[in-house]
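Reader: Got a minute to go through this one with me? I'd like to start with a single residue and work outwards.
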Amino acid sequence: MKNRNNLKLNSDSLNSLSADNFSKSIKTLEFDKILEKLISYCPIEAAHNKILDITPSVSAEYIKRMLKETSEAKLLIQTKSSPSLGGVRDITSHLARAEKGSCLNMKELLDVASLLRVCSSLNVYFSSLSEDNLLNVYISKLHENRFLEEKITKAIISEDIMADSASDTLYEIRRKKKNAQNKVKDVLNKYITGDSKYLQENIVTTRNGRYVIPVKAEYKNEIKGLVHDASASGATVFIEPMAVVEANNELRTLESQEKLEIERILYELTSECTRFSSDLKESFDAICCISIIFAKAEFSLHYNCCEPVINNEKYLRLNEARHPLLDQKKVVATNIYLGKSFTTLVITGPNTGGKTVTLKTIGLLSLMTQCGLHIPASDGSTLPVFDGILADIGDEQSIEQSLSTFSAHMVNIVDILRRYSANSLVLFDELGAGTDPIEGAALAQTILETISERGTLCAATTHYAELKAYALDAKNVTNSSCEFDIKTLKPTYRLMIGMPGRSNAFAIARKLGLSEGIINRAGSKINKETRSFEELIGKLEEDRIELENQKAHAKKLKEKAQAMFDVSEKQRLNFNKRIEEEGEKAEAKAQELLERARESADFVFNQLQEIQRKKDAENFKELLAKSQDEVRKALGIAELNNKIGEKIEAEYKPPRDFVKGDNVLIATLNKEGVIDKIDGEKVTVLIGSARFNTKLKELRLITDKKDDSKKKSGSRGPRKMMEAKSEVDVRGFIGDDAIFVVDKFLDDAVLSGLVNVRIIHGKGTGALRKALWDYFKRDKRISEFRMGTFGEGDSGVTVVTLK
């Protein structure tokens with residue numbers, strides 16, 4: 001806790017020393033608008049002023065801590081949603097009055113109870129945090145006080161209603177008050193029912209806190225009592241009958257006692273709040289800090305921000321940076337880096353090309369970082385800690401819509417040159433503009449040289465060709481340009497570092513309709529060196545675009561190849577896994593069969609030995625038959641050929657000769673199949689997609705009435721022939737699943753006698769087609785396969801010819 005406080009004090013003292021180096025840029029770069037957006041994510045109104053007071057820190061340690069706090073809050077939102085912070089109001093003024101002896105009203109006491117309720121809910125929300133979580137600093141300052149919270153909420157129902165149960169005395173007073181009210185109403189109801197002719201209306205009402213009845217003015221002497229009021233017309237007088245005067249007096253006394261008791265309870269509750277005043281203030285401050293941290297996290301999630309890395313190498317790199325005040329659906333992300341090989345960046349290009357937006361993006365994201373905010377950029381973005389951000393941006397752009405003169409620019413530049421240091425960030429928009437171009441260019445170059453000599457990071461926009469040439473030769477200075485599509489006359493807003501940009505004034509004028517004659521005459525007035533320089537820039541720009549297109553195409557091909565490789569690798573791993581699993585199953589099955597065979601062999605040998613010993617017995621035949629039965633039961637078979645040598649089952653004779661296409665049972669395998677080929681005593685049987693060679697004597701004919709009827713109608717194959725389709729659709733399947741479906745489909749197609757079939761796999765990345773083609777190359781059922789032609793499905797279909 002002490003270290004945390006020291007860190008905060010050190011940060012504040014550093015901020016106070018460098019506040020002037022940020023104050024102007026906060027307005028110029030529109031950081032105040034970022035704070036307004038941040039407020040929209042903070043539910044506690046009392047914390048809004050604290051947000052508006054946020055200023056950049058120059059302590060790297062403190063900045064890293066703030067950024068990490070935001071990241072941890074962001075993670076909590078993603079895993080647990082946001083904590084409940086609603087209903088917390090600023091109680092510091094309430095407690096200050098209470099400490100001076102004032103009594104808090106019911107609304108103020110309910111504010112205290114609401115604060116304590118949020119403390120309890122936050123402690124539950126944060127209960128699962130690890131010990132090293134930075135948010136624990138604030139959680140330790142959340143002081144629960146169930147006693148005070150329940151005492152207030154049980155005593156006070158709403159902002160103006162005290163509960164009867166607030167005290168025994170109050171309960172007793174209100175009971176007596178209710179009885180007195182009922183007594184008065186009972187008496188007055190007798191007047192309403194008995195003397196209703198004297199009344200203007202048959203109701204009981206109140207005047208000056210006393211119950212009365214409305215009497216017609218002409219009958220006011222008929223009812224004895226006290227007149228408390230009259231109507232505006234004078235037609236009605238409100239009389240308190242003498243019969244209820246005593247009861248009304250009692251009621252007024254009870255009301256006075258009730259008021260005094262409520263005040264006593266409020267003073268008692270106020271005293272309890274005063275007793276815990278320090279804890280309540282600390283809890284309120286902690287809740288405000290937590291709400292600001294979670295507001296930063298919500299901002300980060302909404303704008304898809306990342307936590308920037310703080311470096312001490314005076315190096316700035318923003319990956320896919322976006323200006324947060326522009327439409328996030330339209331803003332173009334750009335890559336910006338500054339430092340290391342160069343410290344000054346000269347940005348050129350046509351008007352409305354995005355030069356000023358680039359400057360503001362650099363400055364604004366630097367301010368956000370030093371205030372503990374995540375920045376709208378991609379991971380890997382890194383920034384140093386600047387002791388000042390000094391900007392002269394004469395906003396002729398749409399962001400500010402304001403104009404500035406050369407004099408105004410020069411006042412800002414003079415102030416910047418007086419304040420900047422080696423660790424500052426300096427930003428110039430249209431440096432040297434607004435005056436004679438020759439003098440302005442010379443002045444701009446000298447200013448950049450002065451800043452570069454100190455190693456200060458600087459970015460400046462310009463249209464001057466002299467500054468482009470200066471950036472080509474000068475040490476620690478480099479050119480950059482905002483890309484512009486000359487064909488469409490639209491900027492792409494991408495920053496191209498290392499390449500100077502063209503203003504493209506002639507091309508824009510030509511596109512907008514200026515006559516070719518005027519453009520040619522204007523071009524002739526440009527000196528040869530300048531024209532050559534601009535033409536060189538144009539040629540370099542064309543070459544760069546061509547190279548980038550080739551690079552993008554190569555990257556696309558690489559990604560496609562990588563995707564195909566990943567799919568193939570996945571299929572290979574799955575295939576190997578299946579082989580390994582099947583091998584393990586086969587090994588386990590073989591082990592099981594081996595154990596059973598050993599047991600069976602032992603049993604059989606034991607029976608043989610037993611028979612050998614009893615071969616001379618008179619009942620040898622009966623013992624032999626009994627042993628045979630026991631062996632059959634033990635082995636689970638219908639026949640036994642061994643040394644006993646008795647043939648049990650007669651040789652099988654089929655009801656007719658086997659023919660191709662017969663459904664048969666292979667007795668030795670107990671598997672069903674279809675006869676594919678008969679060669680004397682040898683026969684080939686199809687079992688699924690596998691061919692099995694065996695002998696006719698091992699086959700058992702399977703007769704089927706439906707099958708016979710199909711044969712009579714001319715069918716040449718088994719039952720599946722009439723059900724098979726000529727195509728199968730495996731779009732959406734992954735490799736292994738698609739191969740399984742296609743394998744079953746080809747089985748049915750072969751059995752049905754189909755020759756050509758179509759496999760629909762879709763176009764996509766081509767990975768599924770490649771996996772299927774690899775499978776087709778190894779399949780012996782397939783004669784050939786090819787890609788579909790126009791009308792057949794093109795590359796989304798493979799046509800297969802079966803053997």
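Author: Sure. Keep in mind that this is a predicted model. Let's start with Glu 587, which is exposed, with a relative accessible area of 59%.

Reader: Why does Glu 587 count as exposed?
Author: Because its relative accessible area is 59%, and exposed means over 50%.

Reader: OK, and which helix does Glu 587 lie in?
Author: Glu 587 is part of helix α19, which covers residues 528-613.

Reader: What gathers with Glu 587 on the surface?
Author: A patch of negative charge: Glu 580, Glu 581, Glu 582 and Glu 584 gather there with Glu 587.

Reader: Switching topic. Cys 119, buried or exposed?
Author: Buried, at a relative accessible area of 0%. Cys 119 sits in helix α7, residues 106-125.

Reader: How far apart are Cys 119 and Leu 142 in space?
Author: 5.6 Å, C-alpha to C-alpha, with their positions 23 residues apart in sequence.

Reader: And Ala 98, where does that lie?
Author: In helix α6, residues 92-99. Ala 98 is buried too, with a relative accessible area of 7%. Ala 98 and Tyr 267 are 169 residues apart in sequence, yet 9.2 Å apart in space, C-alpha to C-alpha.

Reader: Last one, α23. How many residues does it have, and what's its reach?
Author: Helix α23 has 12 residues, 767-778, and spans 18 Å from its first C-alpha to its last, close to the expected 16 Å.

Reader: Which residues of α23 are buried?
Author: Ala 767, Leu 768, Ala 771, Leu 772, Tyr 775 and Phe 776.

Conventions: Residues numbered from 1 in each chain as written. Predicted model: local features only at pLDDT ≥ 70, side-chain atom pairs only at ≥ 80, totals over all residues. Heavy atoms only, no water. Helix = DSSP H or I, 4+ residues; strand = E, 2+ residues; numbered from the N terminus. Expected span 1.5 Å × (residues − 1). Buried < 20%, exposed > 50% of the residue type's maximum accessible area, 1.4 Å probe, protein only. Patch = residues over 30% accessible without salt bridge, like charges linked within 9 Å, V, L, I, M, F, W, Y side chains within 5 Å. Areas by Shrake-Rupley, 256 points an atom, 1.4 Å probe, with all protein chains shown as cover. Salt bridge = Lys/Arg side-chain N within 4 Å of Asp/Glu carboxyl O. Lys, Arg positive; Asp, Glu negative; His and termini not counted. Charge placed at Lys NZ, Arg CZ, Asp CG, Glu CD.
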